[in-house]
Amino acid sequence: MNKQALITGVTGQDGAYLSKLLLEKGYEVFGLVARRSSDSLWRLRYLGIEQQIKLLEGDLLDLSSLIRAMEESEADEVYNLGAQSFVATSWKQPIFTAQVTGVGVTHMLEAIRLTNPKARFYQASTSEMYGLIKESVQDENTPFHPRSPYGVAKLYGHWITVNYRESFDTFAVGGILFNHESPIRGIEFVTRKVTDAVARIKLGKQPKLYLGNIDTKRDWGFAGDYVEAMWLMLQQDRPDDYVIATGKTTSVRNMCEIAFSYVGLNYQDYVEIDPALYRPAEVEILLGNPAKAKVNLGWEAKTTLEELIVMMVEADIKRVEKA
Ligand code: NAP
Ligand code: GDD
């Protein structure tokens with residue numbers, strides 16, 4: 001019999017790629033969709049899977065809607081990807097971020113405990129929890145020191161996941177994912193902001209690109225590779241937490257260089273620094289060690305940063321040409 005999966009955050013970047021993967025594996029996929037006044041299904045359409053997902057109305061802030069979603073989906077696996085996920089916004093809406101990104105995790109865990117305690121639970125934890133890094137390469141044993149209200153909320157979400165595993169024997173895992181991007185990344189995140197600008201500048205529709213701190217470094221991978229790791233974590237004999245990363249770090253500056261040079265431009269001619277885009281506290285560098293995932297899950301990143309950026313620039317050029 002086919003398995004059922006419930007995905008919160010199904011309209012986001014990872015929700016769309018994970019839905020596609022699970023559909024390919026024969027799952028019946030249910031997606032929790034929060035009520036929005038404008039279209040939020042464009043990513044599902046982009047991947048050609050909109051009609052195959054069973055959408056359930058609900059919100060991580062509303063426990064009863066999560067209980068109903070559990071009952072209606074009869075999910076064997078729950079992937080909690082829903083969050084206020086933009087770090088910069090978390091200083092402007094710290095309480096909202098704490099509620100959705102932090103306490104929302106407990107809502108989902110409670111809905112599972114009350115309806116089907118055997119369901120397996122994936123929590124979208126993050127490298128942002130390392131923040132002011134304590135070790136130059138971060139793994140599952142590296143201490144955390146979050147640097148944003150988002151990171152603090154995610155740390156709560158991570159520990160409540162561990163706590164339900166230890167308290168109630170819930171099959172609950174925390175995937176500590178480093179930054180991952182794709183052509184359907186939100187436009188506010190730096191990679192997509194850059195690839196969209198490269199397309200517009202190349203096609204003569206935008207003169208400059210304004211960025212904040214371009215000397216920070218991130219361990220960037222492709223979202224399509226990373227959702228595979230989420231699924232693998234829930235197929236193991238016992239629940240555990242895993243770092244998912246490429247093991248390489250690159251500055252925002254170098255990422256710009258890769259993107260602009262792909263279309264024959266020099267980023268220095270177009271990128272301007274806007275101090276207003278600097279963050280109140282910054283995560284200067286992230287670099288993950290995915291060795292445990294390689295050994296236990298047989299997972300490793302397949303797509304290089306160069307391949308990823310080219311994929312994103314090409315998709316943005318097509319979009320801008322069509323618009
Ligand atoms: P994303 O594109 O920003 O998607 C976030 C999703 O959460 C959207 O579907 C959004 O719905 C939904 N959501 C927001 N508030 C909600 C609420 N109150 N109730 C239910 N759903 C709500 O994020 P992503 O990049 O796919 O990331 C997926 C998850 O992984 C997030 O939890 C993120 O924090 C985490 N993560 C991401 C990365 C990364 O590099 N991408 C790395 C580590 C961890 P709407 O579309 O309706 O707003
Ligand atoms: N967004 C953005 N916009 N970032 C900029 C800009 C800009 O104009 N200029 C410089 N940056 C720098 C940020 O200060 C940060 O150091 C880096 O680019 C990456 O920023 P984002 O792409 O916004 O991602 P993030 O690292 O803050 O957070 C993402 O990754 C986390 C995992 O480490 C998000 O996806 C989080 O949800 C995720 O948990």
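Lys248 sits in the loop that joins strand E11 (242-244) to strand E12 (250-251), and in this predicted model the residue counts as exposed because its relative accessibility is 62%, over the 50% that the term requires. Lys248 and Glu110 are separated by 138 residues in sequence, and their C-alpha atoms stand 37 Å apart in space.

Two other loop residues can be described alongside Lys248. Glu74 lies in the loop between helix H3 (63-73) and strand E4 (77-80), and with a relative accessible area of 56% it is exposed. Asp169 is found in the loop between H6 and strand E6 (172-177), and it too counts as exposed, at 69% relative accessibility. Most residues other than glycine have a negative phi. The phi of Glu74, however, is near 50°, a positive value, and the phi of Asp169 is near 65°, which is likewise positive.

The two ligands are taken in turn, beginning with ligand 1. This ligand is surrounded by 23 residues, of which Thr11, Asp59, Ser85, Tyr150 and Lys154 are the closest. By class, the shell around ligand 1 is made up of eight nonpolar, 10 polar and five charged residues. Among the polar contacts of ligand 1, a polar side-chain atom of Thr11 lies 2.6 Å from one of the ligand's oxygen atoms, while a polar backbone atom of Asp14 is 2.8 Å from an oxygen atom of ligand 1 and a backbone N or O atom of His180 is 2.9 Å from an oxygen atom of ligand 1. On its own ligand 1 has 900 Å² of accessible area, and the protein covers 89% of it. Helix H1 (13-24), strand E5 (120-126) and helix H6 (149-168) are the elements that give two or more residues to this shell, and the largest share, three residues, comes from E5.

Around ligand 2 there are 24 residues, and those that come nearest are Thr126, Ser127, Tyr150, Arg279 and Glu282. This shell divides into 10 nonpolar, seven polar and seven charged residues. Three polar contacts of ligand 2 are set out below.

| Residue | Atom of the residue | Atom of ligand 2 | Distance |
|---|---|---|---|
| Thr126 | side-chain N or O | oxygen | 2.6 Å |
| Gly212 | polar backbone atom | nitrogen | 2.8 Å |
| Arg279 | polar side-chain atom | oxygen | 2.6 Å |

Taken alone, ligand 2 exposes 710 Å², and the protein buries 95% of that area. The elements that contribute two or more residues to the shell of ligand 2 are helix H7 (190-202) and strand E8 (209-211).

Where does ligand 2 lie with respect to domain 1 and domain 2? Both domain 1 (4-180 + 220-244) and domain 2 (186-219 + 249-282 + 303-322) give residues to the shell around ligand 2, and therefore the ligand lies between them.

The interior of the protein is the last topic. In soluble globular proteins, nonpolar side chains tend to be buried together. Here the largest nonpolar core holds 66 residues, and the members that touch the most others are Tyr79, Tyr122, Ile244 and Phe260. Helix H8 (residues 223-233) gives the most to this core, with eight residues. The core draws at least three residues from each of domain 1 (4-180 + 220-244) and domain 2 (186-219 + 249-282 + 303-322).

Definitions and conventions
Residues are numbered from 1 along each chain as its sequence is written. Chains are lettered from A and ligands numbered from 1 in the order in which they are written. This is a predicted model: local features need pLDDT of at least 70, side-chain atom pairs count only at pLDDT 80 or more; totals for chains, interfaces and linings use all residues. Side-chain values use heavy atoms; hydrogens and water are left out. A residue is near a molecule or strand if one of its heavy atoms lies within 4 Å of it. A polar contact is a pair of N or O atoms within 3.5 Å; within protein, one must be able to donate a hydrogen and the other to accept it, and residues adjacent in sequence count only if both atoms are side-chain atoms. Accessible areas come from the Shrake-Rupley method with a 1.4 Å probe; for residues, only the protein chains shown count as cover. Helices (H or I, at least four residues) and strands (E, at least two) are DSSP runs, numbered from the N terminus. Ala, Val, Leu, Ile, Met, Phe, Trp, Tyr, Cys and Pro count as nonpolar, Asp, Glu, Lys and Arg as charged, and the others, Gly among them, as polar. Domain bounds come from an automatic or database domain assignment. A nonpolar core is a set of buried Ala, Val, Leu, Ile, Met, Phe, Trp, Tyr and Cys residues joined through side-chain atoms within 4.5 Å. Buried means under 20% relative accessible area, exposed over 50%, partly exposed in between (1.4 Å probe, protein chains only).
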